[in-house]
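Trainee: Hi! I'm new to this one, could you walk me through how some of its helices pack?
Mentor: Happy to, let's pull it up.

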Amino acid sequence: LRRRFLWIFLSAGLLLPSFLLLGRLGFESSTRMDRGEFTLILQTPPGTAPAIADSLGRQAEQLILRRREVKDVSTEIKENVARLRVRLKPGTQRSLTTRDLVEQIRPGVAALPSAHVHFQVEKRGESDNAVTIEVSGPSQDGLIGLALEVRRRLRRLEQLRDVVIHLKVPSPEMEIVVDHERAAYLGLSASEVAHAVRAALTGPLASRLREPDKEVEVRTRLPSQDRESAQVLQQLTVPKWVGSPSRQIQIPLWPAIQMRRVWGSTEIHRFNQRRTLELSAETQSLDLYRAAFLIQEELDRLPCPPGYEVRLGQSFAELEASRREIIFALALALTLIYMIMAALFESFRTPFIVICSVPLALVGVVAALWFTGYSVSVPVYVGALALAGIVVNNAIVLVDHINQLRARGVPYWPAVLRG
């Protein structure tokens, strides 16, 4: 203890590398755990029969069940999507982690024909190990085009996997476009054309059939097979009264309309009154914090059309906010501890000595995280708060005992050694 400068130098030598390593550990909202589960999602092109998705799902099941690490597979088929949930054997019975096994399975399932494949690994919440990106703009078609470009760029980054655009499959629709000039020549308006088509598809209310316990509406409309036929819809007519004396004639619709099949959006998302699409990217070898900065660098190089914007999603904002709140809570706790000790000891130097012992606890925390391969997370900060309380409590006991010995007349160095 008489070589105080040597110990100060050694303490600083341990603290400085610890602070440097702390910045390289990264930050996540929660500690990643190998849960032994992952989900494989196979998506076929829009309009594909569910039987095709079922066939691809069965092929994927066979590829996955060949692995001895797999415990069981459950499959769900919905429209053109096959979702396979895979559970692995306990960690003591397998040598591969969940993420390593997924990377070995990926090439086999990616070779399945006519299917878009992506995985969800260790997913407990919406953003456990995925960074979200939001694309906003005025046009849905423009959003989709920009989102595809973002996905193409992010897929080139080796640190990311399973870059997915979260958009439900569009549904096929029949679009009817009214030629206003021709419609006016025939004496029709756009509303009359719309009413005629609607009457053929949904049927006007013709009557009500009253029964003792219920009332049934009677509507007249085209048979179901004709309602899906473009040729039948083009043959519709609109009744018009003309001449004097007036007489009714049937005006055909086909000269005044154009029909075409399009893919219609099944859902539209808005954020702050702007259309928005969301993408997510699973992190491969980076923590969420560093992965977010890597993605931001790539987004900064992306040219956006006027009126469109690409930014990191709300998950990163929440992560950043939780990090600031935890750091603020740690600083506030140390400040309050110092104020309480200053009042108890009636001294400013003694509490300062106690507080100076807290940063030394960081050495063990950083070393443990570095050697185990974990990132800093909210649970780590909570543990650090608890550790700071233990260190402060221990230092208070030591300093108080030393002060008691000094009050009894024990010399300074013997009091420190006995304390």
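Trainee: Which residues in α10 meet α13?
Mentor: This is a predicted model, to begin with. On the α10 side, the contact takes in S322, R323, I326, I327, A329, L330, A333, I337, M341 and F345. Facing them from α13 are V378, Y381, L385, V392, I396, D400 and N403.

Trainee: And how many of those are nonpolar, polar or charged?
Mentor: The α10 and α13 contact counts 13 nonpolar residues, two polar and two charged.

Trainee: Cool. What angle do α10 and α13 pack at?
Mentor: About 15 degrees, and their axes are 11 Å apart. Angles under 35 degrees count as roughly parallel, so α10 is roughly parallel to α13. The crossing of α10 past α13 is right-handed.

Trainee: Switching topic: what about α9 and α10, what's their angle?
Mentor: Helix α9, residues 288-300, packs against α10, residues 314-345, at about 130 degrees. The axes of this pair are 11 Å apart. The two helices are therefore oblique to each other.

Trainee: Is that crossing left-handed or right-handed?
Mentor: Left-handed, as α9 passes α10.

Trainee: Which residues meet there?
Mentor: From α9 you have L288, Y289, A292 and F293, and they meet F316, L319, E320 and R323 of α10. By class, that contact has six nonpolar residues, no polar ones and two charged.

Trainee: Wait, R323 again?
Mentor: Well spotted! R323 is listed in the contact of α10 with α9, and it also appears in the contact of α10 with α13.

Conventions: Residues are numbered from 1 along each chain as its sequence is written. This is a predicted model: local features need pLDDT of at least 70, side-chain atom pairs count only at pLDDT 80 or more; totals for chains, interfaces and linings use all residues. Side-chain values use heavy atoms; hydrogens and water are left out. Axes are lines fitted to C-alpha atoms, for helices over the stretch in contact, and angles run from 0 to 180 degrees between N-to-C directions. Helices (H or I, at least four residues) and strands (E, at least two) are DSSP runs, numbered from the N terminus. Angles under 35 degrees count as roughly parallel, over 145 as roughly antiparallel, 65 to 115 as roughly perpendicular and the rest as oblique. A crossing is left-handed if the near helix is turned anticlockwise from the far one by less than a right angle, and right-handed if clockwise. Contact means heavy atoms within 4.5 Å. Ala, Val, Leu, Ile, Met, Phe, Trp, Tyr, Cys and Pro count as nonpolar, Asp, Glu, Lys and Arg as charged, and the others, Gly among them, as polar.
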